[in-house]
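Student: I would like a close look at one part of this structure, with its surroundings added afterwards. Please take me through the cysteines.

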Amino acid sequence: MTASATRTPPPPLSAPVAAPPVRPRLDGVRGDRLAVAGPTALAAVLCCLQLTGRSLGFDEAATVTIAAQHGAQLGSAIAHDGGNMSGFYVLLHLLMSWFGNGAVVLRLPSALGSVATVAFTGMISLRLFGRRAAVAAGLLAAVSLPLIFWAQNARGYALMVAFVCAAYLVFISLQERSRLAGWIAYAVLMSLATYMSFVAVLVIPAQLLLLLPRQHRRRLIPFALSLMTMAALCIPLIVLAGRRGSGQLFWVPRPTREIEVQVLQSLTSAGLEPSFHATATTTLLLVLTVALLLAVAVVDLAQWRRGAGGNGWRGGLVLSWLVTPVLLSFVYSLVFQPLFLPRNLLMSVPAVAVLLGAGLAHRQLPPRAAWAGLVVLLALRGLQLAPAYATSPEPWREASAYVLAHDRPGDCIAFYPADGRMAFQYYFARRSDRTRRLPRPILPVLRFGTVRTYVEDYATLTTGQIRRRGGSCRRVWFVSSHEGQPDGPARSRTNRARFSQLQARLQQAFGPGRTRQFGYASAIHVQLLGRPHRAR
């Protein structure tokens, strides 16, 4: 008898259990690129939106006039400004030679500079604090009133900030791996930033502070050599600045509580007074941002004191970037020449975005709370930004159009200071009806159509000069702006007194007239004086 094996039947097949869905995750490189590219694309839209909607300002008119000069005249105009923004003037000179002097050509370099600033801000945050911090910092930099305003302004500040951020990105990489090419790149980028605006040098002490701890002192020698290279590259600027001195800053007052509030508003992107009026949420955004920055600073300083290298050193780097330029300019303004102004501290605005992004990405903060906080900050920043589009604090376009629409044969025009003529020349030259006769200039005596630079030219007229130059004038348009401050620095008060004397002499010669004001930040006053009295 043989034994037979009993086969056990297989268990019945059951329905397959569906596996939980797996969320697709971005790979490291692709995710990092999107973290930087997304905010950068938003910045490109916000910077180019209504790029030409705002009228050229007082300083922008000087920019286009200086950049329009050629040869020795260009060098003389740059030297008169002490070399400040000389790199920007040369760049704009080349662009205007190729593409003309339309508002897009004048402002596009600044717009591209601010877009680059947002990209560099995201890259710095990515390197220091990770992807989530990069997204938050990039978005906060993109929705920033001061950065967008200067992105739509034909001045060198936006490009200065972009080069400073690029230099910081290189500086951070050099702390991980020191190499000759990197230190050369750092020196070149900081030199370019200085050629866009002298105030870029305020970040150098902030970077030096980061090299003082023992573990980073080995970088001091290559850092010093880079500064020597930078000094060599900036010799033309040093010579021009030494010749000019600080005379071009005569109008800057010493720090006051009002100016301190304006600086805080700009740093936190909560406002930009006096260029734009404060909104109902300006103070809320200012207080909220300062509170968040203090919280981040406390955490970072605590980590730094414990020797927690990593984030503690990284947070200290960004804190120094924010605080050092502000303190240096404040102390320097009290002791030497005042320069404590929001525009001169624009290079620290990206540092605020990086710090806020690091705080929102902190590992102890729940992701939902972090994203909610980011949305609130972006919404409040957007409320400051939206009303500024196409708003002209100094509407020279409207003022020149008003004169052109109401002038009559036999009209003359005078400017105080003569700088105002540059804005009128720009808009008069672009009018559609080029055959129409324009008012005859008596201050300065230069017919429209000739482009000449007038920078801080507070010339006036004596009674005899008014009689000789205005003898054939039936009416006189008296255009003034930046006349001087009655309670400002000494030279500014002197300019104001000369304005009052000139106005009284013109009114005595031509009789009183009505005045119309354009703008509010640095208001433009257009006064029409009537028929002249017969000479006695």
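Tutor: Below, the cysteines come before the chain as a whole and a few of its helices.

A word on the source: this is a predicted model, where local features need pLDDT of at least 70, side-chain atom pairs count only at pLDDT 80 or more, and totals for chains, interfaces and linings use all residues. Residues are numbered from 1 along each chain as its sequence is written, and side-chain values use heavy atoms, leaving out hydrogens and water.

The structure holds one disulfide, a term used here for a pair of cysteine sulfur atoms within 2.5 Å. In chemical terms, a disulfide is a covalent bond between the sulfur atoms of two cysteines. Here the partners are C412 and C473, with 1.9 Å between their sulfur atoms. The link of C412 and C473 is left-handed, with -85° about the S-S bond. It ties together distant parts of the chain, 61 residues apart: C412 sits in strand β1 (residues 411-416), while C473 is in the loop between α20 (463-469) and β3 (475-480). These labels follow DSSP runs numbered from the N terminus, with helices being H or I of at least four residues and strands being E of at least two. Both C412 and C473 are buried. Buried means under 20% relative accessible area, exposed means over 50%, and partly exposed is in between, with a 1.4 Å probe and protein chains only.

Now for two cysteines outside that link. C48 is in no disulfide, and its nearest cysteine sulfur, that of C47, is 6.5 Å away. With a relative accessible area of 41%, C48 is partly exposed. C165 is in no disulfide either; for this residue the nearest cysteine sulfur, again that of C47, is 13 Å away. C165 is buried, at a relative accessible area of 0%.

Stepping back, the chain has 21 helices and five strands, and its C-alpha atoms fill a box of roughly 155 × 55 × 45 Å along the principal axes. Of the 536 residues in the chain, 52% are buried.

Helix α6 (residues 131-142) is worth a visit. Its expected span, 1.5 Å times one less than its number of residues, is 16 Å for twelve residues, and the end C-alpha atoms are indeed 16 Å apart. Nine of the twelve residues of α6 are buried, so this helix is largely enclosed by the rest of the structure. The buried ones include L139 and L140, and what covers the buried residues includes α1 (28-48) and α5 (103-129).

Two other residues complete the tour. S191 in helix α9 (residues 180-196) counts as buried at 4% relative accessibility. Leaving aside neighbours within four places in sequence, S191 is in contact (heavy atoms within 4.5 Å) with M230, L233 and C234. L208 in helix α10 (residues 203-209) counts as partly exposed at 35% relative accessibility. With neighbours within four places again left aside, L208 is in contact with L220 and F223. The C-alpha atoms of L208 and F223 are separated by 8.2 Å, with their positions 15 residues apart along the chain.
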